[in-house]
Structure formats: structure tokens, C-alpha cells
Amino acid sequence: MKERDSKRVLVTGGAGFLGSHLCARLLQAGHDVLCVDNFYTGSKANIARLLGHPRFELLRHDITFPLYVEVDEIYNLACPASPVHYQYDPVQTTKTCVHGAINMLGLAKRVKARILQASTSEVYGDPTEHPQRETHWGHVNPVGLRSCYDEGKRCAETLFFDYRRQYGLPIKVARIFNTYGPHMHPDDGRVVSNFIMQALADAPLTVYGDGLQTRAFCYVDDMMEGLIRLMQTPPDFAGPLNLGNPQELTMLEIAQRIVALSGSRSAIEHRPSPSDDPARRCPDISLAQEHLGWRPTTALDTGLRRTIAYFQERHFPDRALPAD
Ligand code: NAD
Ligand code: UDP
Ligand code: UDP
């Protein structure tokens, strides 16, 4: 039988930063989209322009409870992603990662759906290998403040691979590295949103520690392309697969770019480093290039300009931005 082009797609966490972009992309591609979210960190504003769409449906639901719906594909994105939010109620974070994964895998098994897990570079913890390849097993504190998320996501990966081995489920696991763009929560504490909000207010940029720790930042449109391509890979390809931008930057460097691009007068202020803060992080994306023919194409300055404009419009409408 010919596979239908238009699918019924469930996006958990669909009202969040990444989920809302994914819902929009899937609708554009002609699919029916069921967005499931408990609005823990997500917002109606993120999906406001999708609400009237005839192929979009929204369900307020917590995925730690069973969900009975009929779908062809599942993107499991539900989970708070910023340290401030996932540490606010760490027990709920683990429940979302683990019980949520079990429920979504049980659902996928019953309806024979493909299922993609939004895993994270945090499964590598404070990595001992650089850049990180998928073969690195990670260096993770099991009892620290970040463990609810890191270990929760690691356990979810285990569940995904066991459902594959035990029940032959067609799974995909994406290890997402730091992603930024419009729809980020203005005060979820992530570095890009913090720095942009501070720069637009001409307030000091809070650099934690010496600012020499590194991350690699991927623009959200590039990430969406990667996730959708991963879902479309042949059934025998499960990953795990790194998705991210391999351009590595220190926090001081990203601070300087944001100050310059927003025309800000902000200074830099150092604050204590949070516990278990990884010193270096950068993806090796060779596997994604090989299997998806994918690599990010949005330049850092382009992505930052769009993100700064998004925050400026909503929170600092009277502030003028420098011309490109
Ligand atoms: P986000 O916090 O903006 O979105 C998460 C969404 O999940 C929110 O809408 C929230 O309300 C919802 N949610 C949380 N718990 C839920 C539950 N129990 N039931 C139903 N909905 C629930 O975060 P994001 O940045 O969009 O991240 C999406 C996914 O991608 C997460 O799984 C995250 O771990 C993963 N990820 C993101 C990044 C990044 O840089 N943004 C990096 C690595 C991994
Ligand atoms: N589940 C769900 N929706 C479904 C099917 C299952 O939420 O359509 C949940 C169900 O509550 C169960 C979990 O997924 O706790 C795992 O399902 P599975 O069939 O793997 O295990 P079992 O039901 O045997 O515990
Ligand atoms: N960070 C910072 N100032 C901030 C917020 C974060 O210097 O206002 C640092 C943080 O210590 C970490 C990096 O920026 O080293 C990325 O932090 P984020 O919370 O965005 O993501 P994650 O730590 O999960 O990669």
C-alpha cells in the first residue's frame, strides 16, 4: 500500500519553543497536527497563529498520564528544557522524561506509529570527549541538580531502544544541542534569552563563571529541518543522532555578539558558576551529514538578529535596533 503523504502527527510539548515551530512546519507540509501540552513552560501565545488552522488540534494533557489517540507519527518533545525550569520541580521532570516516554512508547506500540524522542546533548554530561560523537557514553553526575534532566533523558533513550529491541518499534532518537530562536521563553534562564533581554534593557549581561565555557548554538529553523529529516529516515535507522551547530563559542564571545547586534550599552558582569555546569560542549555532526545530508545553514549573526528582533518587538517596542 502506498504510504499516505499527509499524516496525523502528534507533537508533545507542542506549545513550547521547539514544539511550536515544529507544529507550524508540519502544518505547512500538509499534515494533521495534534499538539499535546500541559502548559508547564509552553504558552498559547506560541501557537496563537495556529489555533484557527483547520488541520491543527490542541489538547491540554500531561504525558505522565496515559493518552489514547490515533496517530501515524509522534514527536516526543514534552519536557522543560532550561535548567531553571527543569530544576524547579525535579521529580516532575524525571516523571515527564520517564513516565512520559513509557506512555508515548505504549501509544506508538498500540497504533504502530513512528516515534521520535527529543533527547539532548546533556546525556553527555560534562563530556570527556570533544567534540562529542554519538559513541561517547557521557560523564554524568547521577545525584546532582541537573540529574533529573540528564538521567531522565538517558533513561528515556534506554526505553526507546528497549521498545525497539523488544517490540520492533520504529524509533528515532535525536540528541539536540543548544538551540535558540523566536518563541524562547524570555525568563527561562537560558543564556541566549537572558543575554538578549539584558542587552535590550542596557542592563549588565550576567556571565556565569569566567565565561570561557563553550556551547554551540543552532538556529531553530535548522533544527526543525534536522528533526523532520530524521523522522523520514528508513525504519532501520534509529540513531542516536547529534543535531546541532558545530560552531563552538565561549559565553564571553556570544555575549559580545549580542551586545553588538542589539546596539546595547550593556557591560559584562560575572556571577558564580552553577553546579555541574559543563565546561565544553560541541557536537560532531558527521553522522547527521551522512544519514540526513543535513548541516545548519543559518549564520550566527543572522539567527541572533532574528531572535533579537523577536524579543525587541514583544518586550522593548520603543527600542530601535541597529541596521543590518
Ligand atoms: P520548552 O520548555 O519551551 O518546551 C517544552 C514543552 O513541553 C512546553 O510547552 C511544556 O509546557 C511542555 N511540557 C512539559 N512537561 C510536560 C508534560 N508532562 N506533559 C505535557 N507537556 C509538557 O522547551 P524546548 O526548548 O522547546 O524543548 C523541547 C524539547 O527539546 C525538550 O524535550 C528538550 O529536552 C529538548 N531539547 C531542547 C534543547 C534546546 O536547546 N531548546 C536542547 C536539547 C534538548
Ligand atoms: N499507553 C498509552 N496509550 C496507548 C497505549 C498505552 O498511554 O494508546 C500507556 C499505558 O498506560 C501503559 C504505557 O503506555 O502504561 C506502556 O504501554 P505498554 O503497552 O508498553 O505496556 P503495558 O500496558 O503492558 O504496561
Ligand atoms: N549562562 C551564563 N549566563 C546566563 C545564563 C547561562 O553565563 O545568564 C551560561 C551557563 O552557565 C552555561 C551556558 O551559559 O555555561 C549555557 O547555559 P544554558 O542554561 O543556556 O544551557 P545549558 O547549560 O543547558 O547548555
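## Around ligand 1

Which elements each supply at least two residues of the shell around ligand 1? In this predicted model, they are helix α1 (17-28), helix α4 (90-111) and strand β5 (114-120). The largest share, 3 residues, comes from α1.

Altogether 29 residues surround ligand 1, and those that come nearest are G13, G16, T41, G42 and A81. Sorted by class, this shell holds 13 nonpolar, 14 polar and 2 charged residues.

## The sheet

Let's turn to the strands. An open sheet is built from 7 of them, and reading across it gives the order β3-β2-β1-β4-β5-β6-β11, with parallel pairing. Because β3 (56-60) and β11 (241-243) stand at the edges and have a single partner strand each, one side of each is left without a neighbour in the sheet. From one strand to the next, the twist averages 20 degrees.

The β11 edge is worth a look of its own. Strand β6 (residues 171-176) runs parallel to β11, and 3 bridges join the two. In this part of the sheet, R175 stands opposite N242 of β11.

## Helices on the sheet

Helix α7 (residues 220-231) packs on the sheet, where it touches β4 (73-76), β5, β6 and β11. The direction of α7 makes about 160 degrees with that of β6.

Another helix to find is α5 (residues 147-167), which lies across β5 and β6. Helix α5 runs at about 155 degrees to β5. Strand β5 is a good landmark here: α5 lies across it, α7 touches it, and it supplies at least two residues of the shell around ligand 1.

## Around ligand 2

Which residues are found around ligand 2? They are P66, L67, Y68, I102, N103, G106, L107, K109 and R110. By class, the shell has 5 nonpolar, 2 polar and 2 charged residues.

## Around ligand 3

Ligand 3 has 15 residues around it, and R190, V191, N194, T206 and Y208 come nearest. Two elements, α6 (191-200) and β8 (205-208), give two or more residues to this shell. Of the elements, β8 gives the most, with 3 residues.

How many residues of each class does the shell around ligand 3 have? There are 6 nonpolar, 6 polar and 3 charged residues.

How values were computed: Residues numbered from 1 in each chain as written. Chains lettered and ligands numbered in written order. Predicted model: local features only at pLDDT ≥ 70, side-chain atom pairs only at ≥ 80, totals over all residues. Near = placed C-beta within 6 Å. Nonpolar A, V, L, I, M, F, W, Y, C, P; charged D, E, K, R; others polar. Helix = DSSP H or I, 4+ residues; strand = E, 2+ residues; numbered from the N terminus. Pairing = 2+ DSSP bridges. Axes fitted to C-alpha atoms, helices over the stretch in contact; angles between N-to-C directions. Contact = placed C-beta atoms within 7 Å.
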